[in-house]
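Please open the model in your viewer and keep the selection tool at hand. The tour proceeds by selections, each followed by a description of what is found there.

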Amino acid sequence: MSEAQRRGDAVRLRVDIVTIFPAYFNGPLDVSLIGKAAARGDIEFAVHDLRRWARDAHRTVDDMPFGGGPGMVMKPDVWGDALDDIAGAGPATLVVPTPSGLPFSQELAARYAAQPRLVFACGRYEGIDGRVVEAMRARMPTDEISIGDYVLAGGEAAALVITEAVARLLPGVLGNASSAGDDSFGGAAGAAGGPRYMCGLVEGPVYTRPRSWRGHEVPGVLLSGDHAAIARWRRDMALRRTAAYRPDLIRALRDLDPRDQQVLAEAGFPAAGDGPGAPPARFPVGGEDMAH
Ligand code: ADE
């Protein structure tokens with residue numbers, strides 16, 4: 001029993017993971033922020049071997065696809081029985097990782113962090129028979145989620161990614177309560193108390209001691225103690241890096257002030273409201289050339 005459970009505190013998030021590779025989760029859930037949150041009882045995990053619900057001596061979980069084509073499809077009867085047993089009790093959201101799902105985002109992570117329970121159905125092979133999601137949708141909130149435009153061998157890595165993004169948003173999980181709001185996309189997620197200057201942007205570079213390392217200096221403004229200047233510089237750097245790596249996010253920005261527009265113009269972006277931004281010709285993303 002965890003310390004929190006001994007104190008009688010409620011678990012904030014219960015996570016059930018159904019997989020044919022339970023061993024995949026040995027380790028990652030025990031270390032770092034997630035491990036500490038689990039040890040405190042803020043988050044509780046249960047990993048279930050899908051083959052427990054298989055019906056034959058070979059514990060078969062897949063079959064050939066109707067309509068032909070390569071690969072195998074995971075059987076609806078096995079998944080149906082597993083999810084009846086696991087997701088049946090109490091309110092929960094079913095998350096089915098798949099490359100053909102809704103893109104995962106910080107906003108979704110924040111929404112999941114407010115739920116009492118998440119159930120991950122990790123598919124392998126060509127995926128899970130489509131009727132499983134259809135049937136589950138009629139019973140509980142069910143999201144098919146992609147973590148990016150690439151194809152993994154199964155949903156396990158995606159379930160870990162989503163779990164980590166959600167767990168660090170649980171109250172008390174991050175050491176510094178304001179750091180979630182400072183992150184890339186943090187402002188967009190509306191984290192309480194987080195600075196708004198990072199809203200919709202990816203974060204710029206960060207620095208620690210020593211001040212001088214291999215001839216590279218920490219930008220002087222960060223040593224100035226001038227908090228307004230530091231916040232402005234951080235926003236400038238975030239704008240520059242976002243323009244370089246994520247021009248799609250720049251086009252979605254609203255309420256740009258004159259300094260923002262100047263920074264973006266220097267980066268080769270047209271003024272806000274001029275339509276789609278052109279890709280920047282050259283875009284330094286480090287901090288070295290921002291003299292202060
Ligand atoms: N399973 C395989 N590829 C995936 C992806 N990109 N996102 C989520 N689940 C997946």
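The stops below cover a sheet, a helix lying across it, a second helix and several salt bridges.

This is a predicted model, in which local features need pLDDT of at least 70 and side-chain atom pairs count only at pLDDT 80 or more, while totals for chains, interfaces and linings use all residues. Residues are numbered from 1 along each chain as its sequence is written, and side-chain values use heavy atoms, with hydrogens and water left out.

**The sheet**

Begin with the open sheet of 5 strands, whose order is E2-E1-E6-E5-E7 with parallel pairing. Strand E2 (43-49) and E7 occupy the edges; each has a single partner strand, so one side of each lacks a neighbour in the sheet. From one strand to the next, the twist averages 30 degrees. Helices (H or I, at least four residues) and strands (E, at least two) are DSSP runs, numbered from the N terminus. Two strands count as paired if DSSP finds at least two bridges between them.

Next, select residues 93-103, which form strand E5, together with residues 117-121, which form strand E6; the two pair in the parallel sense over 3 bridges. Thr93 has Leu118 of E6 as its bridge partner. Then add strand E7 (residues 142-146), which pairs with E5 in the parallel sense over 6 bridges. Here Leu94 is partnered by Thr142, and Val95 by Asp143. Strands of a sheet pair through backbone hydrogen bonds, either parallel or antiparallel.

**The helix across the sheet**

Select residues 76-87, helix H3, which lies across strand E1 (13-19), E2, E5 and E6. H3 runs at about 165 degrees to E6; axes are lines fitted to C-alpha atoms, for helices over the stretch in contact, and angles run from 0 to 180 degrees between N-to-C directions.

**Helix H8**

Move to residues 227-245, the 19 residues of helix H8. Its first and last C-alpha atoms are 27 Å apart, close to the 27 Å expected at 1.5 Å a residue (the expected span is 1.5 Å times one less than the number of residues). At the N-terminal end, Asp226 caps H8, with a side-chain oxygen 3.3 Å from the backbone nitrogen of Ala228.

Which residues of H8 are buried? Among them are Ile230, Trp233, Met237 and Leu239; buried means under 20% relative accessible area, exposed over 50%, and partly exposed in between (1.4 Å probe, protein chains only). The buried residues of H8 pack against helix H9 (247-251) and helix H10 (258-266), where contact means heavy atoms within 4.5 Å.

**Salt bridges**

A salt bridge is a side-chain nitrogen of Lys or Arg within 4 Å of a carboxyl oxygen of Asp or Glu, and by this rule the count comes to 17. Select Arg232 and Asp260, whose side chains meet in a salt bridge at 2.6 Å, N to O. Arg232 lies in helix H8 and Asp260 in helix H10, so the pair ties together parts that are 28 residues apart in sequence. Arg232 is partly exposed at 23% relative accessibility, whereas Asp260 is buried at 1%. Extend the selection to Arg235, Asp236, Asp257 and Arg259, which are linked with Arg232 and Asp260 in a network of salt bridges.

Finally, return to Asp16, which forms a salt bridge with Arg14, the closest N and O atoms being 2.8 Å apart. Asp16 is buried, with a relative accessible area of 1%, while Arg14 is partly exposed at 25%.

Note on methods:
Polar contact = N/O pair within 3.5 Å; in protein donor to acceptor, adjacent residues only side chain to side chain.
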